[in-house]
Amino acid sequence: MNAPVNHQFRLARRPVGMVQRSDFEYTDAPVAEPGEGEVLVKILYISLDPAMRGWMNEGRSYIPPVGLGEVMRAGAVGRVIASRDPGIGVGDHVVGALGVQEYAIAKAKGLTKVDPRLVPLPVYLGTLGMPGMTAYFGLLEIGRPKSGETVVVSGAAGAVGQVVGQIAKIKGCRVVGIAGGREKCDYLRSIGFDAAIDYKHEDVKAGLKQHCPKGVDVYFDNVGGEILDTVLTHLAMHARIVICGAISQYNESKMKGPSNYMSLLVNRASMTGMVVFDYASRYAEAAREMAGWMATGQLKSREDIVEGLETFPETLLKLFKGENTGKLVLKVADA
């Protein structure tokens, strides 16, 4: 019997501007056997995240860049089809950094077992995965919201933003989301946001003045650029800004920094960067609490699922064109 073929996307060159299919090489190779302490995983769903754009760039960051010729880095969830580790058996479902491919060999100690009977597998890449962890620790540890405060979230209909807003509501805050398009804003209101500002069709500054009359106490920033600059003009005293991402800037040759940063001085505010990996030892604690909120209906999860590994480059672009609502996931196989 012939070994199954593994199709992979490998980084062929450093993208300039918007990612293109030609930045990757679509390759195939026979599926190898796992070594001692390793497992072979059939990938079912791949997580597509804005951070992937930064991982393609050469240069110093919080994580080494993907090397040219390497399989593109990505979180994924799949089913174990061969194992040489006593802790993980054939048939178990696992999540980890498995890459943009159909099969992956990975060290068992770097994987987490998940149960598809509790929630659908894509949820482990979203609300109960890295985006959910980012929302949980970024908001609660850096934003430190207090009941009655006003929390503003940009990129609010995305994987992280939707969870940030819902956790802020659970904590008793007034929550305003900034998103692009009426459909996304309607979605935010449907999951409990008090207000939504459509940056594509509304004036963001006017929206903040209307919906945040006492200023912004916590701003969770996923987009950077002009929206960050605008929110800086509307801070409350002692505001906390969480810098999670800057998706508006990732495909620019030169990033635009905030020109209104003196508002931090005037309002005695703080602006702090957040990388989720810093909280890795506490992921299980966050997952337990968020799973509890999901069970009671306080926290809802939405995934935007696109089928077909071969669509990866084009599907990734949905993130940068603002075409996804919820967590963007690539479906690779049924089971």
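**Aromatic contacts in the model**

1. Phe312 is buried, at a relative accessible area of 0%. The model is predicted, so read every value here as computed from it.

2. The structure holds eight aromatic pairs. One of them joins Phe24 and Phe312: the ring centres are 5.2 Å apart and the planes stand at 70 degrees, so this pair is edge-to-face. The cut-off for that label is an angle over 60 degrees.

3. Where do the two rings sit in the chain? Phe24 belongs to strand S2 (residues 24-30), and Phe312 to helix H9 (residues 312-320). The pair therefore ties together parts that are 288 residues apart in sequence. Phe24 is buried as well, with a relative accessible area of 8%.

4. A second pair is Phe137 with Tyr279, and this one is stacked. Its centres lie 4.8 Å apart, with 5 degrees between the planes. This pair also links distant parts of the chain, 142 residues apart. Phe137 is in helix H2 (residues 130-143). Tyr279 is in the loop between strand S13 (270-273) and helix H8 (283-295).

5. Are Phe137 and Tyr279 buried or exposed? Phe137 has 0% relative accessibility and counts as buried. Tyr279 has a relative accessible area of 16%; that is under the 20% cut-off, so Tyr279 is buried too.

6. Back to Phe24 and Phe312. Together with Phe9 and Tyr26, they form one aromatic cluster.

7. Charged ends meet rings at two further places to check. The charged end of Arg73 sits over the ring of Trp55, 5.3 Å from its centre. The charged end of Arg302 sits over the ring of Tyr187, at 4.6 Å from the ring centre.

Conventions: Residues numbered from 1 in each chain as written. Predicted model: local features only at pLDDT ≥ 70, side-chain atom pairs only at ≥ 80, totals over all residues. Heavy atoms only, no water. Phe/Tyr/Trp six-rings, centres within 6.5 Å; stacked < 30°, edge-to-face > 60°. Helix = DSSP H or I, 4+ residues; strand = E, 2+ residues; numbered from the N terminus. Buried < 20%, exposed > 50% of the residue type's maximum accessible area, 1.4 Å probe, protein only. Lys NZ or Arg CZ within 6 Å of the ring centre and 35° of its normal.
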